[in-house]
Amino acid sequence: MSNRAFAGAAVVALLLVTTACGSKQAPEAGGDSGRLVLGASLSLTGATAKEGILTREGYEVCTKVVNDKGGVAAGGTKYQLEIRFQDDTSKADVSAQLVDQYNDQGVKLILGPYGSGPTDAVAAVVERNGQVMADSAGADNKIFAKGYRRSFAVLSPATSYVASIVQAINDLATPKPKTFAFISADDGFSKTATQGGISKAKELGFEVIAEEYVPNQTTDVSSALTKIKPKNPDVILGSVHLSEGIAIVKQSKELGVRPTGGFGETVAPPIPDFVKTLAGSAEGVLGSTQWTPKTAGSERFFGSATDYAATFKTQFGGRDPVYHNAEATAACLALVLAVEKAGSTDPDKVRDALAALDTPSFFGPIKFTPEGMNVTKQMAVIQIQNGKAVPVWPADSAEAPLKWPATA
Amino acid sequence: MSIVDVGQGQEVAGPATPSAPVTAASLRRRTTPWVLLAAGLLFGIGLQPQLYPAQERLVSTVLMFVALATAWNLIGGFAGYASFGQVAFFGLGGYGTALMMVHLNMSFWLAMAASAVVAFLFAALVGAPLLRLKGHYFAIATLGVAEGLREVVTNLPKLTGGGGGITIPTFGPNAPTRWLGNDGFYLLFLFLAVAVVAVAIVVASSRGGYALRAIHQDEDAAAAMGINTTLAKTLAFAGSAALTGAVGSARAFQLQTIYPDRSFDVAITVLMVVMVVLGGSGTVLGPIIGAISVAFASEWLRTNYTDVHIFLLGGMIIVAVVLLPQGFTNYVRDAVRARRFSLLENVRRYRL
Amino acid sequence: MAQFLQATVYGLLQGGLLALIAVGFSLVWGVMNVVNLSHGAFVLAGAYVALQLHDAVGLDPFVSMVPAALLLFGFGYVVQRYLVNLVVNGPIFITLLLTFGLELVLVNLMLYLFTADHQSIPTGYAEGSLVLPGDVRIPYGRLIAALLALALTVALVYVMRRTRTGLSILATGMDRGAARLMGIKARHVYALTFGIAAAMAGAAGAAVGAVSTFSPADAGRFTLFSFVASVLGGLGNMWGALYGGLVLGLVQAWGGQLLPGTLVNAVAFAVLVLVLAFRPQGIAGKPFYASRLEV
């Protein structure tokens with residue numbers, strides 16, 4: 001190495017050391033006057049991009065409606081609502097990092113990401129940082145079994161996804177089926193939902209003759225169906241997401257699996273893609289949903305479920321809302337109401353106000369257990385009738401009777 | 001071009017052999033990397049109080065990638081065995097630590113050391129059949145191992161929590177070690193990065209490093225020269241695995257909750273490879289430069305072009321790979337030596 | 001027994017489709033020693049082309065295989081000629097990185113153009129099936145896809161072994177320098193090869209669209225299965241992808257019956273690693289290709 005190069009290296013080393021001994025600039029200013037800033041880290045790209053974008057839309061509706069009604073009134077000031085969005089690329093650890101970043105920027109009130117995985121990761125960070133989270137899309141009960149006190153889920157927990165379909169069949173189906181077969185994706189949320197469904201089925205006196213697991217996000221459930229076929233179940237229940245849900249119905253047709261009572265699936269049927277891809281085969285499939293435009297309850301910002309649907313439709317070019325939109329808006333609403341109730345934006349006061357919240361809304365009743373779950377709100381069960389997702393249960397929000405047996 | 005083609009990525013810093021006199025120049029050559037490393041360490045320590053927590057976390061991640069890229073360089077750059085399953089060791093270190101802390105209530109430091117050992121042994125075991133393969137086959141075999149390991153972890157829910165992830169307790173009575181905090185992790189990753197680079201410097205200028213480079217150039221000739229190629233390859237593979245495992249362990253503790261498809265994400269391996277290749281494989285400085293530039297570029301893109309950042313990242317990779325296939329440090333070194341700076345020359349050299 | 005038979009039949013049909021997906025990948029790897037990590041994206045592109053044609057003019061997806069193949073042939077040719085050819089001489093990780101970058105670009109482009117929605121091309125007949133004794137079913141859609149895979153592989157073998165173009169491709173694959181000395185234009189031949197591979201991928205994509213759902217997230221999975229099928233079947237032999245695909249389909253189907261359904265992927269990877277460890281040239285490959293470093 002030549003003399004020159006060595007000298008150059010020495011200069012660089014010296015430079016590095018001296019730069020390091022500089023001084024830090026003043027820290028970022030904390031609160032903004034007149035604005036209530038909420039932070040949201042969402043999957044705008046990646047595997048759950050679709051649902052992440054739907055969640056963002058729900059948050060955006062909240063911002064518009066709340067600000068149009070004058071903003072959030074707390075402690076004598078009226079705050080304009082502002083939500084900051086960042087993309088977590090559908091990855092749980094990125095979500096957690098982004099929420100940490102929000103903490104640095106002084107944003108202490110957090111709106112949940114999409115999915116139980118990211119919500120779980122964010123909940124741990126929120127707990128550690130002293131932030132507060134309103135969870136819109138993380139339903140897995142396991143998140144709330146960890147002793148977290150600062151995260152509150154407005155949506156019904158995972159255990160009710162399949163259990164509500166079982167209950168609906170029990171209440172409405174004549175003749176009542178006897179045997180159920182369960183197909184579940186192997187992620188935490190789906191498994192919790194399956195266990196909830198199985199216990200509910202046994203509790204109501206049904207026989208569970210099969211419990212098969214398939215890889216998450218798969219498009220091929222043939223091995224599970226082939227194992228189930230000889231057992232001849234009356235109903236096949238799927239605790240799955242969209243791609244597995246479509247595959248179950250499609251491949252059942254291919255393999256000649258025809259349960260007399262048809263299919264029930266959790267998340268897939270309410271999503272428009274389900275009917276679009278399956279066309280006629282989707283008829284009669286039951287689904288569970290966190291919300292329908294017929295859900296009972298109303299409050300002053302959004303009115304009733306029908307009012308919310310109309311507002312959404314106007315804001316998003318004539319498109320009807322799905323439950324992912326509604327649950328997101330509900331989470332934002334919960335935070336807004338908590339801030340108003342607490343009379344301040346201090347995270348601890350907001351946290352206490354959230355824990356004590358008990359209000360009806362377009363999304364159903366919002367009230368939290370000590371662990372942070374909303375068990376007061378029931379899920380609704382829909383059935384695909386004539387290509388549309390029609391609410392059939394519970395009775396006070398049903399639009400049409402259940403068509404039974406589903407596969408004529 | 002001289003007859004003795006030193007191929008790509010050859011650093012000409014060599015040890016003084018007994019027969020050659022110890023000149024001032026060779027002494028400078030030997031100590032320069034250490035001086036720069038020490039300066040880097042001081043810079044890192046000094047920088048810390050100036051950073052906001054978010055920036056601190058970003059720099060921690062960059063340091064993590066510096067460590068990962070440099071570790072990969074040992075097997076991929078020096079020895080030329082492009083391991084595309086390096087993330088297997090990252091995940092193994094992470095899950096090993098998580099399991100030890102959750103089920104055995106071990107302290108983090110003990111768990112990290114143990115995880116590194118586990119990764120070392122696993123790589124040695126797996127390397128026995130796989131290091132006999134060459135080129136793409138080795139890459140795909142290691143990729144298969146990484147993916148297979150991920151599936152295994154996903155399918156042992158009672159032990160690892162399966163797809164739902166596993167959480168390391170970091171506060172409360174269950175926690176064997178308190179969470180280190182942003183500052184703590186920054187320093188941990190800084191020391192890890194420095195340690196890995198130190199290993200790389202030692203390897204680069206030792207007989208072992210020459211053995212690896214010889215294997216890269218022509219394995220049969222190396223064997224004919226008396227180099228125990230199997231030993232050298234296995235040590236390089238297992239060594240880089242142990243270092244990667246230690247980094248994975250630190251990362252798992254930092255994240256608190258880890259999931260199989262994130263701990264074994266093939267994108268992490270690809271990032272490592274991109275960083276090394278763009279920085280200059282087979283050098284010590286290359287992976288460092290590559291890691292820093294790619295990590296910052298990726299973060300900058302994600303913040304400023306949220307909707308299209310992956311698309312842009314892909315485009316950047318394509319352009320960079322076409323214009324600088326030998327990596328930045330090698331390009332600079334060759335360009336300075338030959339006084340030819342044209343990037344298109346580069347393209348002409350490698351194209352069909 | 002019927003259950004096992006059903007699994008076997010379904011596995012073979014699935015394997016046929018996998019073979020169709022993998023054959024282009026295997027060709028490129030065998031001839032040019034380029035592992036095309038964006039292969040899955042080409043398959044996906046074929047599926048989207050078929051989808052668009054179906055939505056626009058109601059074209060049946062199996063018929064759309066032809067325009068999808070032609071379109072992707074052109075695209076593949078251009079990509080190879082003006083992009084991948086630039087790095088073919090470099091070390092292997094360069095081509096891997098280039099194709100990886102290409103994959104990111106293509107998948108995100110499709111994500112932008114078509115959103116992350118899961119799509120499928122409904123046909124009236126694809127879900128109906130041929131019923132065998134014991135209620136073992138052979139779904140029409142998958143049967144057609146598997147038969148087409150067989151037909152296309154036969155056609156490919158014929159083209160490769162009997163036409164001048166095919167022979168020049170094989171020759172360039174064996175020894176590029178010698179081929180050029182014989183007057184073969186390597187740049188053009190490489191581009192042709194990639195184009196053919198892309199065309200096969202596109203046709204496979206159209207078939208996938210007919211029998212199953214797809215979305216941009218599936219690109220990686222297609223590429224991964226192409227790897228496994230190519231390695232299993234072996235390089236240097238045009239039938240390799242077919243054998244590999246069929247075996248992979250069978251292994252997955254049987255594994256799905258004997259083991260819990262979630263281990264299906266683990267089984268595929270275990271097979272991959274075992275084959276590589278003990279018989280790298282696969283079922284029908286030539287050992288030369290397993291030890292080849294640079295072309």
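**Questions about a predicted model**

Colleague: Where in chain C is C:Arg81 placed?

Modeller: First, this is a predicted model: local features need a pLDDT (the predictor's confidence in each residue, from 0 to 100) of at least 70, side-chain atom pairs count only at pLDDT 80 or more, and totals for chains, interfaces and linings use all residues. Residues are numbered from 1 along each chain as its sequence is written, while chains are lettered from A and ligands numbered from 1 in the order in which they are written. Helices (H or I, at least four residues) and strands (E, at least two) are DSSP runs, numbered from the N terminus. On that basis, C:Arg81 falls in helix H3 (residues 61–82) of chain C.

Colleague: Is C:Arg81 buried, exposed or partly exposed?

Modeller: We count other C-beta atoms within 10 Å of the residue's own, placing them from the backbone: 20 or more is buried, 12 or fewer is exposed, and in between is partly exposed. C:Arg81 has 18 of them, so the label is partly exposed.

Colleague: Which residues does C:Arg81 contact, leaving aside its neighbours within four places in sequence?

Modeller: A contact here means that the two C-beta atoms, placed from the backbone, lie within 7 Å. C:Leu143 is 62 residues away along the chain, and its C-alpha atom is 36 Å from that of C:Arg81. The contacts of C:Arg81 are C:Arg187 and C:Ala191.

Colleague: How compact is chain C, going by its radius of gyration?

Modeller: There are 12 helices and 2 strands in this chain. The yardstick is the globule rule, 2.2 Å times the number of residues to the power 0.38, with the radius taken over C-alpha atoms. For 295 residues the rule gives 19 Å, so chain C is as compact as a globular protein of that length, with a radius of gyration of 19 Å.

Colleague: And what percentage of chain C is buried?

Modeller: Its C-alpha trace spans about 60 × 50 × 35 Å along the principal axes. Among its contacts with a separation of 6 or more, residues 24 or more positions apart account for 77%. Of the 295 residues, the buried part comes to 63%.

Colleague: Which element of chain C gives the largest share of the side that touches chain A?

Modeller: The two chains meet through 27 residues of chain C and 28 residues of chain A. At least two residues each come from helix H1 (2–32), strand S2 (136–139), helix H10 (240–258) and helix H11 (264–278) of chain C. The largest share, 4 residues, belongs to H1(C).

Colleague: What radius of gyration does chain A have?

Modeller: Chain A is built with 12 helices and 17 strands. For its 408 residues the globule rule gives 22 Å, and the model comes close to that, so the chain is as compact as a globular protein of that length, at 24 Å.

Colleague: Where in chain A is the pLDDT below 50?

Modeller: Across chain A the mean pLDDT is 86, with 91% of residues reaching 70 or more. The stretch below 50 still has 15 contacts in the model beyond near neighbours in sequence. Where pLDDT is low, the predicted coordinates should not be read in detail. That stretch of chain A is residues 20–31.

Colleague: Which strands stand at the edges of the open sheet in chain A?

Modeller: Strands count as paired if DSSP finds at least two bridges between them. This sheet has 7 strands in the order S8-S7-S9-S10-S11-S16-S17, with mixed pairing. Each edge strand has a single partner, so one side of each is left without a neighbour in the sheet; they are S8 (207–214) and S17 (388–393) of chain A.

Colleague: In S17(A), what is the bridge partner of A:Ile382?

Modeller: Strand S16 (residues 380–385) of chain A runs antiparallel to S17(A), and 5 bridges join them. For A:Ile382, the partner in S17(A) is A:Pro391.

Colleague: What angle does helix H6 of chain A make with S7(A)?

Modeller: Axes are lines fitted to C-alpha atoms, for helices over the stretch in contact, and angles run from 0 to 180 degrees between N-to-C directions. Helix H6 (residues 188–203) packs on the sheet, touching S7 (179–185), S8 and S9 (235–239) of chain A, and its direction makes with that of S7(A) an angle of about 170°.
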